[in-house]
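Good morning, and thank you for coming. I would ask you to keep the structure in view while I speak, and to find each element as I name it.

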Amino acid sequence: MLDQMSNNHAGPAIEARDVAKRYGDVTALGGVDLSVPTGTVLGLLGPNGAGKTTMVRVLTTTLIPDSGTATVLGHDVATHPDEVRKVIGLAGQYAAVDELLTGQENLEMMGRLAHLSAKVVAQRATELLDQFDLADAGGRPAKTYSGGMRRRLDLAAALVHRPPVLFLDEPTTGLDPKSRSDLWEVIRRLVADGTTLLLTTQYLEEADLLANEIVVIDHGRAIARGTSAELKRELGATVLEVSFDSDDLAARALGALGAVTAAEGAPELVDLTVRVATTEGPTTAMSVLRTLDAEGIAVAGLALREPSLDDVFLSLTGHRAEDDSQAADPGAETATPSPQRSTRGTP
């Protein structure tokens with residue numbers, strides 16, 4: 001039934017036009033446009049407070065926008081929220097599972113809320129536990145699960161009713177590298193099976209690995225969009241990194257190199273490394289070394305590399321995606337597990 005809904009819709013699976021949301025004097029979304037073709041992954045990339053969670057809450061019908069329009073498989077999120085909820089799944093930053101129930105019971109509960117038959121619910125729960133490598137733990141209470149296991153169970157619960165469109169709101173936040181990698185593999189399999197996915201993240205590596213297209217959002221506005229390769233190409237430079245053995249040397253080097261690299265951009269100091277984007281990598285490197293030698297500043301290491309999404313984000317916004325100094329996304333502050341869970345096929 002849901003697969004037919006997905007196949008019968010000719011336009012983008014997810015579409016938003018000039019979506020805005022304000023909380024008093026705070027603009028959480030300042031007129032955002034999104035378009036996600038069926039069967040692809042859109043990475044919504046930005047730091048804490050950028051507006052990512054607010055956008056997800058609008059698209060999953062738990063928040064009404066002040067202006068603009070948004071549709072999922074052709075259903076308007078404001079005027080036909082029940083139809084939207086039937087075709088989407090949502091897993092948020094925190095695993096919304098009942099710790100007192102077993103993994104099997106959590107999935108069966110979600111199936112019953114989606115009005116699936118008892119036979120289908122039991123079969124689907126067993127399939128998902130196996131798919132998410134939780135079969136051996138299916139009979140244990142969720143409170144005994146590790147963080148990575150709970151996150152996989154939460155994602156499995158979002159898929160009980162086979163939604164063709166899935167929203168993942170920073171699904172790997174707080175996970176260790178192994179659990180994050182495991183969840184990435186699960187996401188790849190879902191997309192390979194035809195699921196359309198909107199993924200919010202502040203992890204640049206995550207967007208780079210998983211997304212067909214990336215929209216960079218900052219202070220509630222989309223400031224860039226394209227594939228990972230396109231965004232990196234826009235920077236049009238290699239990155240020169242010069243490392244030092246002490247804070248004093250690094251600080252002195254930052255001051256000394258300002259004039260050398262002024263034509264291409266201001267150098268940036270990260271820990272004990274000075275970084276600068278340059279279109280003339282070898283030439284700039286030689287100028288940097290000569291300047292530092294003349295100033296008596298010893299270099300611990302030097303490297304030239306291709307730009308990363310981190311470099312792109314810094315170039316676009318003036319700060320890194322991991323910078324948490326901004327005010328939190330109001331949409332994230334007011335989000336609760338209950339309304340998120342209600343979007344999983346519950347009319």
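Before any counting, a definition is needed: a helix here is a DSSP run of H or I with at least four residues, a strand is a run of E with at least two, and both are numbered from the N terminus. Counted in this way, the chain has 14 helices and 14 strands. Please bear in mind that this is a predicted model.

Let me begin with the chain as a whole. It has 347 residues, and 49% of them count as buried. Among contacts between residues at least 6 apart in sequence, 72% join residues at least 24 apart.

I turn now to the sheet. In what order do the strands of the open sheet stand? The order is β6-β7-β8-β3-β9-β10, six strands in all, and the pairing is mixed. At the edges are β6 and β10; each has a single partner strand, so one side of each is left without a neighbour in the sheet. On average, and with direction ignored, neighbouring strands of this sheet are turned by 15° against each other.

Let us look at β9, which covers residues 213–218. Of its 6 residues, 5 are buried, so the strand is largely enclosed by the rest of the structure. With β3, residues 41–45, β9 runs parallel, and 4 bridges join the two. In this pairing Gly43 stands opposite Ile214, and Leu44 stands opposite Val215. With β10, residues 221–226, β9 runs antiparallel, and here there are 5 bridges. Ile217 of this pairing faces Ala222 in β10. β9 and β10 form a hairpin with 2 residues between the strands, and His219 in that hairpin takes a positive phi near 50°.

Which helices lie across these strands? One of them is α12, residues 309–317, which lies across β3, β9 and β10 and runs at about 40° to β9. Another is α2, which lies across β3, β6, β7, β8 and β9, running at about 150° to β8.

Is α2 enclosed by the rest of the structure, or open? Helix α2 spans residues 52–59, and 8 of its 8 residues are buried, so it is largely enclosed. Its buried residues include Lys52 and Arg57, alongside others such as Met55, Val56 and Leu59. After α2 comes Thr61, whose phi is positive, near 75°.

Next, a pair of helices. Two packed helices are described by the angle between their axes and the distance between the axes. For α4, residues 103–113, and α5, residues 118–131, the angle is about 130° and the axes are 9 Å apart. An angle from 115 to 145 degrees counts as oblique, and that makes α4 oblique to α5. The crossing of α4 past α5 is right-handed. On the α4 side the contact includes Gly103, Leu107 and Gly111, and on the α5 side it includes Val121, Ala125 and Leu128. The residues of this contact divide into 6 nonpolar, 4 polar and 2 charged.

I close with a single residue, Leu257, which lies in helix α10, residues 247–257. Is Leu257 buried or exposed? Its relative accessible area is 3%; buried means under 20%, and therefore Leu257 is buried. Leaving aside residues up to four places away in sequence, Leu257 touches Pro267, Val274, Val288, Thr291 and Leu292. From Leu257 to Glu268 there are 11 residues in sequence and 10.0 Å in space, C-alpha to C-alpha.

How values were computed:
Residues are numbered from 1 along each chain as its sequence is written. This is a predicted model: local features need pLDDT of at least 70, side-chain atom pairs count only at pLDDT 80 or more; totals for chains, interfaces and linings use all residues. Side-chain values use heavy atoms; hydrogens and water are left out. Buried means under 20% relative accessible area, exposed over 50%, partly exposed in between (1.4 Å probe, protein chains only). Contact means heavy atoms within 4.5 Å. Two strands pair if DSSP finds at least two bridges between them. Axes are lines fitted to C-alpha atoms, for helices over the stretch in contact, and angles run from 0 to 180 degrees between N-to-C directions. Angles under 35 degrees count as roughly parallel, over 145 as roughly antiparallel, 65 to 115 as roughly perpendicular and the rest as oblique. A crossing is left-handed if the near helix is turned anticlockwise from the far one by less than a right angle, and right-handed if clockwise. Ala, Val, Leu, Ile, Met, Phe, Trp, Tyr, Cys and Pro count as nonpolar, Asp, Glu, Lys and Arg as charged, and the others, Gly among them, as polar.
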